[in-house]
Amino acid sequence: MPANKPANQSAVSVLGLGMMGTALAAAFLGAGHPVTVWNRSPAKTGPLIAQGALPADTAADAVAASPLVVVCLLTNDNFEELLATLTEDVAGRTLVNLTNGTPAQARELAAWAAEHGAQYIDGGIMAVPQMIAGPHAYVLYSGDEQAYETHRPTLAALGATRWTGTDPGLAALQDLALLAGMYGMFTGVLQAFALVRTENIPATEFSELLVPWISAMLSGAPELAKAIDSGQHLTDVSSLAVNQAAFPNFLTTFRDQGISGELFEPIQALLDRAVDQGHAADGLSRLADLLTVRS
Ligand code: NDP
């Protein structure tokens with residue numbers, strides 16, 4: 001056990017030692033937990049063994065080694081494949097699945113775990129590997145609340161813990177919602193850089209304008225949220241009619257400057273649909289309603 005760490009920390013096994021799984025295992029080790037590690041390609045256990053982790057020859061051995069089993073594979077299909085080899089081994093264990101996936105997958109995995117006598121917690125990691133165990137990392141959790149409360153002190157080694165509910169799909173849902181916001185932002189950032197580059201304006205120079213602009217615009221998100229929650233979409237800030245009228249300027253300029261408009265064309269279509277349906281005086285918040293295809 002590393003020096004200066006509290007004794008008697010509970011044991012944890014980590015399955016999957018890619019970039020993220022390695023960071024998770026290192027964080028548990030750093031917090032003084034006995035850690036058993038397993039990876040499909042055994043070579044990746046080396047650096048963690050050097051830090052004090054115990055290698056398991058098989059995934060079943062890793063599951064047997066600790067009451068808490070943290071899984072971080074590339075996809076949930078990979079996890080399902082692995083679980084098919086562990087049907088006799090998981091009873092009595094708490095499986096914390098931090099693999100990125102869908103709410104439906106999380107619910108299926110929780111049902112599978114229940115059938116096999118295991119507790120299941122799904123999780124969404126809101127950090128990159130370098131942030132794990134740092135002040136800005138947090139992980140969303142959902143599923144078996146009792147198991148979560150039991151293992152929360154151990155899971156806290158990874159970053160802040162945020163409980164989202166007993167429906168196992170809720171962590172994945174909120175994880176994907178947060179990532180949707182992120183991808184939306186980066187999509188716009190990439191389009192902006194592609195556009196200014198057509199006139200030889202360096203992206204690094206333009207980012208000095210772009211970053212404060214996006215930050216200022218983002219401060220309007222809580223107002224959008226209020227409108228969405230209340231259903232009161234009328235605005236005196238920027239109506240859909242004004243946005244719809246201006247939007248062809250983007251698509252025309254992208255074409256004129258020789259860059260693709262493929263990321264923005266769906267936004268024009270959504271604005272057109274909103275105005276066609278009589279929402280010209282509403283703000284952008286109305287578009288969230290139009291995105292709802294199931295009631
Ligand atoms: P890596 O590609 O670095 O690692 C993937 C891991 O999955 C490896 O351990 C790999 O094993 C294992 N794996 C892949 N296929 C199989 C299989 N069929 N059977 C068993 N094991 C398999 O990815 P990351 O570690 O970066 O990401 C892991 C998860 O964490 C993903 O779901 C990702 O979305 C999520 N995540 C990642 C973040 C990041 O910034 N990296 C941020 C937040 C979440 P092997 O070494 O043998 O190939």
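Asp122 stands opposite Ser142 in β7, and that pair is a handy way into this predicted model. Asp122 falls within strand β6 (residues 119–126), which runs antiparallel to β7 (residues 138–143) and is joined to it by six bridges. From there we can look at the whole sheet, the helix lying on it, and three helix pairs.

**How far to trust it**
- The chain's pLDDT averages 96, and 97% of the residues score at least 70.
- Residues 1–7 are the stretch to be wary of, with pLDDT below 50. Leaving aside near neighbours in sequence, this stretch makes nine contacts in the model.
- Where pLDDT is low, the predicted coordinates shouldn't be read in detail.

**The sheet**
- Eight strands make up an open sheet with mixed pairing, and reading across it you get β3-β2-β1-β4-β5-β6-β7-β8.
- The edges belong to β3 (54–55) and β8 (160–165). Each has a single partner strand, so one side of each has no neighbour in the sheet.
- Helix α7 (residues 170–197) packs on the sheet, where it touches β6, β7 and β8. The direction of α7 makes about 10° with that of β6.

**Two loop residues with unusual backbones**
- Most residues other than glycine have a negative phi.
- Ala133 isn't a glycine, yet its phi is positive, at about 75°. You'll find Ala133 in the loop between β6 and β7.
- Asn200 is not a glycine either, and its phi is positive too, at about 60°. Asn200 sits in the loop between α7 and α8 (203–218).

**α7 with α8**
- On either side of the Asn200 loop, the axes of α7 and α8 come within 10 Å and cross at roughly 140°.
- That angle makes α7 and α8 oblique to each other, and their crossing is right-handed.
- From α7, the contact uses Met185, Val189, Ala192, Phe193 and Val196; from α8, it uses Ala203, Phe206, Ser207, Leu210 and Ile214.
- By class, this contact has nine nonpolar residues, one polar and no charged.

**α4 with α5**
- Helix α4 (residues 76–83) packs with helix α5 (residues 103–115) at an angle of about 10°, and their axes are 11 Å apart.
- α4 and α5 are therefore roughly parallel to each other, with a left-handed crossing.
- On the α4 side you have Asn76, Asp77, Phe79, Glu80 and Leu83, which meet Gln105, Glu108, Leu109 and Trp112 in α5.
- The contact of α4 with α5 breaks down into four nonpolar, two polar and three charged residues.

**α10 with α11**
- Helix α10 (residues 240–257) and helix α11 (residues 265–276) have axes that come within 9 Å and cross at roughly 150°.
- That makes α10 roughly antiparallel to α11, and this crossing is left-handed.
- α10 puts in Leu240, Ala241, Asn243, Gln244, Phe247, Pro248 and Leu251, while α11 brings Glu265, Ile267, Gln268, Leu271, Asp272, Ala274 and Val275.
- Sorted by class, the residues of the contact of α10 with α11 are nine nonpolar, three polar and two charged.

Methods:
Residues are numbered from 1 along each chain as its sequence is written. This is a predicted model: local features need pLDDT of at least 70, side-chain atom pairs count only at pLDDT 80 or more; totals for chains, interfaces and linings use all residues. Side-chain values use heavy atoms; hydrogens and water are left out. Axes are lines fitted to C-alpha atoms, for helices over the stretch in contact, and angles run from 0 to 180 degrees between N-to-C directions. Helices (H or I, at least four residues) and strands (E, at least two) are DSSP runs, numbered from the N terminus. Angles under 35 degrees count as roughly parallel, over 145 as roughly antiparallel, 65 to 115 as roughly perpendicular and the rest as oblique. A crossing is left-handed if the near helix is turned anticlockwise from the far one by less than a right angle, and right-handed if clockwise. Contact means heavy atoms within 4.5 Å. Ala, Val, Leu, Ile, Met, Phe, Trp, Tyr, Cys and Pro count as nonpolar, Asp, Glu, Lys and Arg as charged, and the others, Gly among them, as polar. pLDDT is the predictor's confidence in each residue, from 0 to 100. Two strands pair if DSSP finds at least two bridges between them.
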